[in-house]
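Visitor: I am new to this structure and would be grateful for a close look at one part of it. Please begin with any term that I shall need, and then set that part within the whole.

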Amino acid sequence: MNLKNYPRREYAIDQFTQPHCSELAGESFHFVMDDGYDYYLNFTGKDTLEWNWAGEKQGKARYQCMKGDDTTYLVDYELEEYKNTPNRVNHLFCIDLEQRLVTRVICTIGDNPKLPYLIKSDYTFGAIEMEGMELPFKRHCFTTDLLGTRVEWHWSTMTITRHMYFSSDYYRLTTKGSEIVKVRDESNMFNFLPGPDELARYIKIKDKLYLFCLTEELMERVLHETNPPFRSNNMIFLQNYERMYHVGRTFGTVLSRTTNQLVPCHIRFGAFGNPVKFPDNFENAANPYTV
């Protein structure tokens, strides 16, 4: 077989995904969170865990896990009791064993009565309690370190996107070369948006390792009545700028290409990156969503 012509999906964000990591199986964690509510994770198996807030009943879930570096894990799972309802809930943790720190993101669907697919994301920082050791005082934190960064992310052999991190609350997205294309492609939903910007948060985990968190909210607000192929999704990237790759997961809703029905989206992804330069008119364009 000529592998040059081997068939591949034209659009895929999971081709370069890391295998699921089961290294935490058998481990238990006590997270002292800054919101005042301690949280516990007990990894009961290669892909199963028990979770609970202090003093509350344990829940069980199947988890996904990937590594941003040798000692930093990205773990997430859906709450089983909401999994087959319109009000799905996802818990995500960035577990940093080197510094004994943790970041938690809780994403919920269904909080907005007018936009039922919109994702709400809540961020909380904390530390990992370990017997005989003093609790760390430092925390992961929101950061402006990445502002000015431009990266071309290679998700698959056929899928390349370009990110420009230009604001503490937004990022700018384009596909390879599309920022200078003048012809309007009627099949591309992004051409019907006021601009290429979307909501984002940036969190520093450690030197050269960051959580980049985006929520496809503005797109959902503009296009929700047209039933676009991508509804509101939360995507969280654990980005390693020393090794120049990221791992992450998406949580939200998409339109199935086979059934034309809205279905849950919750998959792992990965990509490798390289620096990129944008045309001045793209970099300097005004954000149409802000005053």
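Guide: A strand, in the sense used here, is a DSSP run of E with at least two residues, and strands are numbered from the N terminus. With that term in hand, one may place V263 in strand β17, which covers residues 262-275. The model is a predicted one, and every value that follows is computed from it.

V263 is a suitable part to examine closely. Its relative accessible area is 29%. Buried means under 20% and exposed means over 50%, with partly exposed in between, so V263 counts as partly exposed. Setting aside the neighbours within four places in sequence, the contacts of V263 are G252, T253, V254 and S256. One of these, G252, is eleven residues away from V263 along the sequence, and the two C-alpha atoms are 8.7 Å apart in space.

The surroundings of V263 lead to another strand. Strand β16 comprises residues 245-255, and V263 touches G252, T253 and V254. Strand β16 pairs in turn with β15 in the antiparallel sense, over nine bridges. Within that pairing, Q239 stands opposite H246 of β16. β15 and β16 form a hairpin with four residues between the strands, and M244 in this hairpin takes a positive phi near 60°. Most residues other than glycine have a negative phi.

Strand β15 itself, residues 230-240, has ten of its eleven residues buried, and it is therefore largely enclosed by the rest of the structure. Besides its pairing with β16, β15 pairs with β14 in the antiparallel sense over seven bridges. In that second pairing C213 has I236 of β15 as its bridge partner. The loop between β13 (197-206) and β14 (209-215) contains K208. K208 has a positive phi of about 70°, although it is not a glycine. With a relative accessibility of 41%, K208 counts as partly exposed, because the partly exposed class lies between 20% and 50%.

Elsewhere in the chain, strand β8 offers a second example of an enclosed strand. Eight of the eleven residues of β8 (residues 119-129) are buried, so this strand is largely enclosed by the rest of the structure. Strand β7, residues 101-109, runs antiparallel to β8, and nine bridges join the two. In β8, S121 stands opposite C107. Strand β1, residues 28-33, also runs antiparallel to β8 and is joined to it by four bridges. Here M33 stands opposite G126 of β8. The loop between β6 (89-96) and β7 holds R100, a residue other than glycine whose phi is positive, near 55°. R100 has a relative accessible area of 11% and is buried, because that class takes in values under 20%.

Y40 may be set beside V263. Y40 is found in strand β2, residues 39-43, and is partly exposed, with a relative accessible area of 30%. Leaving out neighbours within four places in sequence, Y40 is in contact with F29, H30, E50, W51, N52 and A54. Two of these contacts, F29 and H30, fall within the range of β1, residues 28-33. Y40 and E50 are ten residues apart along the chain, with 8.0 Å between their C-alpha atoms.

It remains to set these details within the whole. The protein chain contains two helices and 17 strands. Buried residues account for 50% of its 291 residues. Of the contacts between residues at least 6 apart in sequence, 55% join residues at least 24 apart. The C-alpha trace spans about 65 × 55 × 40 Å along its principal axes. The radius of gyration is 19 Å, which agrees with the value near 19 Å for a compact globule of 291 residues. The chain exposes about 15000 Å², and carbon and sulfur atoms supply 52% of that area. As to charge, there are 33 positive and 39 negative side chains, and the centres of the two sets lie 5 Å apart.

Note on methods: Residues numbered from 1 in each chain as written. Predicted model: local features only at pLDDT ≥ 70, side-chain atom pairs only at ≥ 80, totals over all residues. Heavy atoms only, no water. Rg over C-alpha atoms; globule rule 2.2 N^0.38 Å. Buried < 20%, exposed > 50% of the residue type's maximum accessible area, 1.4 Å probe, protein only. Contact = heavy atoms within 4.5 Å. Areas by Shrake-Rupley, 256 points an atom, 1.4 Å probe, with all protein chains shown as cover. Lys, Arg positive; Asp, Glu negative; His and termini not counted. Charge placed at Lys NZ, Arg CZ, Asp CG, Glu CD. Pairing = 2+ DSSP bridges.
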